[in-house]
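Reader: Please give a close account of the surface that chain A presents to chain B in this model. I would also welcome a description of any nonpolar patch on the exposed surface.

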Amino acid sequence: MSGSVSVFVRELKLAWSGGGGPVLPVGFFGVACIMTPFAVGPEIENLKTAGPGVMWIAMALASLLPMERLFQADLEDGTLDAYAGSGVAMEGIALAKTVAHWIATGIPLSLAAPILWILLQGAPEVAPMVILTSLIGSAAFFMFGAIGAALAAGVRRGGLLIALATLPLYVPTMIFGAATLYAAAIGEGWQTPLMLTGAAGLLGLAISPFAAAMALRTAID
Amino acid sequence: MAVMSIFANPHRFMAVSKWFAWGFSGLGAALILFGVYQGLFIAPADYQQGDAARIMYIHVPSMWLSMFAYAFMVGASFVSIVWKHALADVAAKSAAPIGAAFTALGLITGSIWGQPMWGTWWEWGDARLVSVLILFFVFLAYMAIWQAMDTPQKAARAAAILCLVGAINLPVIHFSVDFLNTLHQKATFFAGGEEKATIGFKAPMYTVALGYLALFGGLTLLNMRAEIMLTRAEMLAQRKQAQAAG
């Protein structure tokens, strides 16, 4: 357990400092959302309709950005081999790395979300809900993304493979997350879709460490 | 287990499978031809949709087969992960392109059928349509992962993991799109519910489905044989190279 914790602390430091940390994904998230009015037109009604969905797509894609390097860098420089020989369970390492990167990237994405929500003509009073759903949703994206990242860890230029393997896994989270925002925006019951978003995240949490660890053990063989 | 141990040995598998591969493929082709003929010319026209409904004799069995193929791959992947069975990997890999082809056939025929009946080529609110489309992408991802890895052992393991994760995800997607549908209060398109299918409709449908199943079995066996021969050829080439070098 303490081994997983020290991996977590190391990863958190690396994720914050190395390679721009959260700046690049958050920047991508912002630019992708800001492109929307140019494509669908600046009319408030259009943006209100497209906004929540576009935001969730942009966040899903932004969550994919850190995935290519999530395990690959450690596989290439032998860190994963050292981890494997250290006696710490690979499941713990996979989970520690995923959570550390979610804290470094997923939380900044969620904090940027309400600003983009208001830019896309969302109601300001829904903004806290935007933060909450984004936190849950990005956690789910990172959990499912880690499976794809672990599967493609040994593949050079595996980014496209990660996207192809991971985006189908994102579908339920995306549907429930966007449904929560749509419901909250028109003042309907958002509790059920919010709970289902959480359920998608928990499903990811339950599967991800085991599937990712299995894939990583194969990769270091 | 007795059946499995017959297939455990690749040599015995190669000896037995040749006859089954061609037998199943031939049987499948015959059943499909007979069933399609029955469906197109003998079965009564649908009282609501007329002759247009005859596409169901192609469409419905291919949807059954696409799900059967994925279930087959999940079973094989499970066997591969738990018992590290080499032939299970080959079986799952061989079934994937055939399953993907049946899924594509189902999607295309469904779209052609939907255009005159629902007035649209594609309906995003329908859980069945969307989850089948995602199933198609899972097939593609599964095949892509086999292509991407540098050694077959790693590819087999990674593909098996993806296949099992997809098996958990697909029912969730179906359920979530259903939820989306109820949230948006779309009109139901299967108005009037499913009409009671009489034996006149059922018989050709089951004939085609059996034909597809036999064809799937035959083509998967042929694919497996090709895969095993390819591995052997590569091993022989490597041995020759080693002899020439030594």
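Author: The following account treats the interface and then the nonpolar patch. The model is a predicted one. At the interface, 24 residues of chain A are in contact with 26 residues of chain B. Together the two chains bury about 2,300 Å², and carbon and sulfur atoms carry 85% of that area. On the chain A side, the elements that give two or more residues to the surface touching chain B are α8 (127-151), α9 (159-185) and α10 (191-220). The residues on this side of chain A comprise 21 nonpolar, two polar and one charged. Between chain A and chain B the count of salt bridges is zero. Polar contact joins two residue pairs across the two chains, both at pLDDT 80 or more.

The second topic is the nonpolar patch on the surface. Its members are V31(A), I34(A), M35(A), F38(A), I115(A) and L119(A), and their accessible area together is about 660 Å². Two elements of chain A, α2 (23-40) and α7 (90-119), each give two or more residues to the patch. Of these, α2(A) gives the most, with four residues. L119(A), one of the patch members, lies in helix α7 of chain A.

To summarise, the side of chain A that touches chain B draws two or more residues from each of α8, α9 and α10, whereas the elements with two or more residues in the nonpolar patch are α2 and α7 of chain A.

Key: Residues are numbered from 1 along each chain as its sequence is written. Chains are lettered from A and ligands numbered from 1 in the order in which they are written. This is a predicted model: local features need pLDDT of at least 70, side-chain atom pairs count only at pLDDT 80 or more; totals for chains, interfaces and linings use all residues. Side-chain values use heavy atoms; hydrogens and water are left out. Patches are made of residues with over 30% relative accessible area and no salt bridge: like charges are joined within 9 Å, nonpolar side chains (Val, Leu, Ile, Met, Phe, Trp, Tyr) within 5 Å. Accessible areas come from the Shrake-Rupley method with a 1.4 Å probe; for residues, only the protein chains shown count as cover. A salt bridge is a side-chain nitrogen of Lys or Arg within 4 Å of a carboxyl oxygen of Asp or Glu. Contact means heavy atoms within 4.5 Å. Buried area is the accessible area (1.4 Å probe) that two parts lose on being put together, summed over both. A polar contact is a pair of N or O atoms within 3.5 Å; within protein, one must be able to donate a hydrogen and the other to accept it, and residues adjacent in sequence count only if both atoms are side-chain atoms. Ala, Val, Leu, Ile, Met, Phe, Trp, Tyr, Cys and Pro count as nonpolar, Asp, Glu, Lys and Arg as charged, and the others, Gly among them, as polar.
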